[in-house]
Amino acid sequence: MPGGGAGLRRALLGARRAAGAARREAAGGSRAAMSSQSHWLTAEERNQVLLDLKASGWSESGERDAIYKEFNFKNFNQAFGFMTRVALQAEKMNHHPEWFNVYSKVQITLISHDCGGLTKRDVKLAQFIDKAAASV
């Protein structure tokens, strides 16, 4: 976005986080009361994990508090095998990715919808996804 695009994105992200906090409060919860599986990231943790994830090819979504990565495999069978491994882990974690697949390409976005943003669950699943992709 020309001009104040980055500022606008930050403002929108802040508004989404505030809306998520309002939803949690209305539901009678706070960050501390959220599911133990969600685990919000502190600012320090967030900065460190984002550095690590970016080093392995993940990027921050410009539109929301999420991370994104695209994987390319040799063929459809490899891509589908990878997706199957990720699906089994996601089911165990009860944390499901947003993804899109065309032939050998798999695009993945991770966000904790119930928390309105990035959490430790996303980081844990991203780390598993990277290991699964490396083993294909």
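This is a short tour of a predicted model, moving from its confidence values to its sheet, a helix packed on that sheet, a surface patch and a salt bridge.

Begin by colouring the chain by pLDDT, whose mean over the protein is 81, with 72% of the residues reaching 70 or more. Then select residues 19-37, where the pLDDT is below 50 and where the model shows 11 contacts beyond near neighbours in sequence. Where pLDDT is low, the predicted coordinates should not be read in detail.

Next, display the strands, which form an open sheet of 4 with the order β1-β2-β4-β3 and antiparallel pairing. Strand β1 (59-60) and strand β3 stand at the edges with a single partner strand each, so one side of each is left without a neighbour in the sheet.

Within the sheet, select β2 (residues 67-72) together with β4, and you will find an antiparallel pair held over 6 bridges; in this part of the sheet, Phe71 stands opposite Val106 of β4. Moving to the other pairing of β4, select residues 98-102 for β3 and residues 105-110 for β4, which run antiparallel to one another over 5 bridges. Here Glu98 has Thr109 in β4 as its bridge partner. The two strands form a hairpin with 2 residues between them, and in the turn Tyr103 has a positive phi of about 45°.

Keep the sheet in view and add residues 76-93, helix α3, which packs on the sheet and touches β2, β3 and β4, while its direction makes about 165° with that of β3.

Now switch to a surface representation and select Phe76, Phe80, Phe100, Val102 and Tyr103, which together make a nonpolar surface patch of about 520 Å². The elements giving two or more residues to this patch are α3 and β3, and Phe80 is one of the residues placed in helix α3.

Finally, turn to the charged side chains, among which the structure holds 7 salt bridges. For one of them, select Lys120 and Glu45, whose side chains meet at 3.2 Å, N to O. This pair links distant parts of the chain, since Lys120 belongs to helix α4 (residues 120-134) and Glu45 to helix α2 (residues 43-55), with their positions 75 residues apart in sequence numbering.

Key: Residues are numbered from 1 along each chain as its sequence is written. This is a predicted model: local features need pLDDT of at least 70, side-chain atom pairs count only at pLDDT 80 or more; totals for chains, interfaces and linings use all residues. Side-chain values use heavy atoms; hydrogens and water are left out. Two strands pair if DSSP finds at least two bridges between them. pLDDT is the predictor's confidence in each residue, from 0 to 100. Contact means heavy atoms within 4.5 Å. Axes are lines fitted to C-alpha atoms, for helices over the stretch in contact, and angles run from 0 to 180 degrees between N-to-C directions. Patches are made of residues with over 30% relative accessible area and no salt bridge: like charges are joined within 9 Å, nonpolar side chains (Val, Leu, Ile, Met, Phe, Trp, Tyr) within 5 Å. Accessible areas come from the Shrake-Rupley method with a 1.4 Å probe; for residues, only the protein chains shown count as cover. A salt bridge is a side-chain nitrogen of Lys or Arg within 4 Å of a carboxyl oxygen of Asp or Glu.
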